Amino acid sequence: GRALPPLAALSQVLRLERSRRTAIVLPLQKLERYLAPGTDTAPFRLFQPGLAALQRAEALFRSDRGHPIDYVSSAVRMDHAPPPALPEVCFIGRSNVGKSSLIRALFSLAPEVEVRVSKTPGHTKKMNFFKVGKYFTLVDMPGYGYHAPQDFVEMVEAYLQERHNLKRTFLLVDGVVGLQKTDHIAVEMLEEFGIPYVMVLTKIDRASRGLLLKNVLEIQEFVKENTQGCFPQLFLVSSVEFSGVHLLRCFVAHVTGNLPTVEAS
């Protein structure tokens, strides 16, 4: 099989010195020290699992003979979707937000899983379903915005409204540019349908610390003032450096009911 990317596995991260380790596992916490005194830090620490929970979650994302991780199928309509047998999470976001790259990073411990990452934005035109053993399904949704497929709205709205096994929607936002008009439309749709969701800030390796902090605080304020269904903690990720990927695996395991004892301290 292919060699694993550096830092894809927790065991590699744990060999790093402490501050670098924190930056990879809990990138939001790393930003916390640069906040103005008196800033409310509660939303930075809502989901902060211990090492044992992170390791249990990682085991779910590591394939073996008794626990296969497979691309199942693609669908353009709900009647083509696989039966809703397992808890499910879906990932949505603008066409060039780095969605497929993030899913590939999440599945990096199962290198046989083919997640196509396109050089041209908006390559995902269908809903792609990945089955993680007998535990949950992860769905890569088409990107919205400029490159969205023609029937995007019908496809995605039907999925969000009809998929009763959907446990959480992961709304990806570009960490460099922050919330865009199209992201606001996606938020409105999720709020209207009463779908629980969480925002994930991608490409954090490309943003300066100041810009990242500005975007994080603006989005947290937006979430607090304008949303009901959004989890108050943002998840920051870099598919290149694996920052936040281990924590996101743990959150996926948690919301699909596969980490019942995780502490959201």
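**Figure 1. The side chain of H246 reaches the backbone oxygen of L7 at 2.9 Å.** Please keep in mind, as you look at this and the other views, that the model is predicted. H246 sits in helix α9. Is H246 buried or exposed? Its relative accessibility is 1%, and because the cut-off for buried is under 20%, H246 counts as buried. Leaving out residues up to four places away in sequence, H246 touches L7, A8, A9, L10, V13, I24, L54 and E58. For a sense of how the chain folds back on itself, find A57 as well: A57 and H246 are 189 residues apart in sequence, yet their C-alpha atoms are 8.2 Å apart in space.

**Figure 2. Helix α9 is mostly covered.** How many of the 11 residues of α9 are buried? The count is 10. You can tick them off along the helix: V245, H246, L247, L248, R249, C250, F251, V252, A253 and V255. Notice that the list includes H246 and R249 alongside residues such as L248 and F251. Here is a handy rule for reading a helix. An α-helix has 3.6 residues a turn, so residues three or four places apart point the same way. Just after α9 comes G257, with a positive phi of about 80°.

**Figure 3. The largest nonpolar core has 48 residues.** Which members touch the most other members? They are F91, L102, F107, F170, F235 and L248. Helix α9, residues 245-255, gives the largest share of this core, with 8 residues. Zoom in on L248 to see its surroundings: setting aside neighbours within four places in sequence, L248 is in contact with F91, L102, L106, F170, V200, F235 and V237. Another core, of 42 residues, lies apart from this one, and F44, F152, L160 and L171 are among its members.

**Figure 4. Helix α5 packs against α9 at an angle of about 80°.** Helix α5 covers residues 99-106, and its axis is 10 Å from that of α9. How do we name such an arrangement? Angles of 65 to 115 degrees count as roughly perpendicular, so α5 is roughly perpendicular to α9. On the α5 side, the contact is made by L102, A105 and L106, while α9 brings V245, L248 and R249. Sorted by class, this contact has 5 nonpolar residues, no polar ones and 1 charged residue.

**Figure 5. Helix α4 also meets α9 at an angle of about 80°.** Here the two axes are 8 Å apart. Again the angle falls in the range of 65 to 115 degrees, which means that α4 is roughly perpendicular to α9. Which residues meet here? From α4 come A53, L54, A57, E58 and L60, and from α9 come H246, L247, R249, C250 and A253. You have seen H246 before, in the view where it touches L54 and E58. By class, the contact of α4 with α9 has 7 nonpolar, 1 polar and 2 charged residues.

**Figure 6. K203 has a positive phi, near 60°, although it is not a glycine.** To see what is special here, recall a general trend. Most residues other than glycine have a negative phi. Where is K203? It lies in the loop between β6 (197-202) and α8 (209-226). With a relative accessibility of 15%, K203 counts as buried. The side chain of K203 makes a polar contact with the side chain of D174, at 3.3 Å. Beyond its neighbours within four places in sequence, K203 is in contact with N96, V97, G98, D174, V176 and V237.

**Figure 7. F242 is a further non-glycine residue with a positive phi, near 70°.** Look for F242 in the loop between β7 (235-236) and α9. F242 counts as buried, because its relative accessibility is 4%.

**Figure 8. G38 is found in the loop between α3 (27-32) and α4 (51-60).** Is G38 buried or exposed? Exposed means over 50% relative accessible area, and G38 has 84%, so it is exposed. To place G38 in the wider picture, look across to V198: these two residues are 160 residues apart along the chain, and 25 Å separates their C-alpha atoms.

Methods: Residues are numbered from 1 along each chain as its sequence is written. Side-chain values use heavy atoms; hydrogens and water are left out. A nonpolar core is a set of buried Ala, Val, Leu, Ile, Met, Phe, Trp, Tyr and Cys residues joined through side-chain atoms within 4.5 Å. Buried means under 20% relative accessible area, exposed over 50%, partly exposed in between (1.4 Å probe, protein chains only). Helices (H or I, at least four residues) and strands (E, at least two) are DSSP runs, numbered from the N terminus. Contact means heavy atoms within 4.5 Å. A polar contact is a pair of N or O atoms within 3.5 Å; within protein, one must be able to donate a hydrogen and the other to accept it, and residues adjacent in sequence count only if both atoms are side-chain atoms. Axes are lines fitted to C-alpha atoms, for helices over the stretch in contact, and angles run from 0 to 180 degrees between N-to-C directions. Angles under 35 degrees count as roughly parallel, over 145 as roughly antiparallel, 65 to 115 as roughly perpendicular and the rest as oblique. Ala, Val, Leu, Ile, Met, Phe, Trp, Tyr, Cys and Pro count as nonpolar, Asp, Glu, Lys and Arg as charged, and the others, Gly among them, as polar.
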